[in-house]
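The exercises below each set a task and then work through a solution step by step. Please keep the sequence and the structure in view while reading.

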Amino acid sequence: MVQNLIKQLPEQEQLNVLAEMKDEYDDLAESEQFGVVMSSVKKLKPRLNAILFKLQFEELMNNIKPDVVSVTAACEELLKSQNFAQLLQIILLVGNYMNAGSRNAGAFGFSISYLCKLRDTKSADQKMTLLHFLADVCQEQYPEVMHFTEELIHVEKASRVSADTLQKNVDQMGRQISGLEKDIETFPPPQSDKDLFVEKMTSFVSSAKEQYEKVDLMHKSMEKQYEDLGKFFVFDPKKISVEEFFGDLNNFRNMFQQAVKENQKRKESEEKIRRAKLAREKAEKEKEEKAKRSQLLDINAEGDETGIMDGLLEALQSGAAFRRKRGPRQAAIRRAGNAVTSILAKELMQESAPAASPPKKHKVQEEGKKEEPPVEAESLEDLLEAAPSRSS
């Protein structure tokens, strides 16, 4: 209401004209009557501005103080965090290793703004970034470094603080308190017993000035802390604002936490793939073994024999499996060959023997019959026709 009243307040010349119409008060419209009453108040606009400042003072203080506290706490956390310092050492070491042999090799440090660019460097297969690699290395070899995100709890709030806006609010509060003090000193005496403006504003100015001095001191301490932080991390606090510096840190903190989660998901996915592969290989192996057992059972069932594998192993060890046995066909061929040889011998003996001694021939034939194997053949031609062809 006070804001709208100040915005719609007529100029002083118009208020003076309305003040001259107080004798015609009853004949005026309601809005004009309101103007006549307001015009009778001395230093109306300074009064309204002072009242508005008093009503908004607590809100202004609540906007300034948390921002100052957040930036101050964030500066202290960064200066005291050993885990974050060790993380920067690891990043510098990895960077120098990667840049070995180039003009950037052997660097003594790097800008904080480069932390957010770690995600831009990717592996050959484009599946992993340098930030993922660093998060993996820290998780496996430097687990204490992973707690740096818990130590920088005020960085997020500090990243939303505009140092310029904060400075303007503090300066504006100081100017308003100083202006109110001067107005009270030059304010006219009260118009009536109900006019308690000077009394109440004097009490307010005393309390507001005390709170402002504390906030101003905190703000100067915050600026000093930020300057020390600039010396520690080697950057110019005047060129890099509070919002920019802590904004980069907050982005890196969020990206690091995201990289840790993505690494965990990737490992879980790889573990699932590995387990699925092992399960598939195991199932295939069991299937092959089952098929072998089924084939072995079929062989045993057909021959009504047991211990076939044992018999095969014994035959392989003794060498019996490599000795060739003659089959019945080969034995018959061999007997047929012997019979042919015997008949040829008989015929040769008959041709060479004298014709006048037939009994002797009969005797030779009888002896040949006794010595021949029991092969049934009437003549050489029949045996040759029955036996298969053989090589000489």
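**Exercise 1. Find which residues line the largest cavity, and describe that lining.**

Solution. The residues that line the largest cavity are Leu60, Asn169, Gln172, Met173 and Gln176. A cavity is a set of points on a 1 Å grid over the protein atoms alone where a 1.4 Å probe fits but cannot get out, a pocket is an open set with protein on both sides within 12 Å along at least five of seven lines, and lining residues have an atom within 4 Å of a point. Next, helix 9 (residues 163-185) makes the greatest contribution to this lining, with 4 residues; helices here are DSSP runs (H or I, at least four residues), as strands are (E, at least two), numbered from the N terminus. By class the lining has 2 nonpolar, 3 polar and no charged residues, where Ala, Val, Leu, Ile, Met, Phe, Trp, Tyr, Cys and Pro count as nonpolar, Asp, Glu, Lys and Arg as charged, and the others, Gly among them, as polar. Finally, the largest cavity holds about 30 Å³ of space, a volume being the space filled by probe spheres set on grid points that are joined across faces, edges and corners, and the structure has 1 cavity of 30 Å³ or more.

**Exercise 2. Judge the confidence of the model.**

Solution. This is a predicted model, in which local features need pLDDT of at least 70 and side-chain atom pairs count only at pLDDT 80 or more, while totals for chains, interfaces and linings use all residues. Residues are numbered from 1 along each chain as its sequence is written, and side-chain values use heavy atoms, with hydrogens and water left out. The mean pLDDT (the predictor's confidence in each residue, from 0 to 100) is 81 for the protein, and 77% of its residues reach 70 or more. Among the elements, helix 8 (residues 155-158) has the highest mean, 94, and helix 14 (residues 358-371) the lowest, 46. Over residues 355-378 pLDDT stays under 50, and for this stretch the model has 12 contacts beyond four places in sequence, a contact meaning heavy atoms within 4.5 Å.

**Exercise 3. Describe the fold and the surroundings of helix 3.**

Solution. The protein has 15 helices and 0 strands. Of its 392 residues, 27% are buried, that is, under 20% relative accessible area (exposed is over 50%, partly exposed in between; 1.4 Å probe, protein chains only). In helix 3 (residues 30-39) the buried residues are Gln33, Gly35, Val36, Met38 and Ser39, and their cover includes helix 1 (2-8), helix 2 (12-19) and helix 4.

**Exercise 4. Set out the linings of the two pockets.**

Solution. The largest pocket contains about 460 Å³ of space. Its lining comprises 18 residues, of which Gly95, Asn99, Phe110, Tyr114 and Leu118 are the closest to its centre. Helix 5 (82-98) and helix 6 (130-141) are the elements that give two or more residues to this lining, with helix 5 supplying the largest share, 6 residues. The classes are 11 nonpolar, 6 polar and 1 charged.

The second largest pocket has a volume of about 360 Å³. Among its 17 lining residues, Ala85, Leu88, Gly109, Phe232 and Phe233 are the closest to its centre. Helix 4 (44-80), helix 5 and helix 10 (197-233) each supply at least two residues, and the largest share, 6 residues, comes from helix 5.
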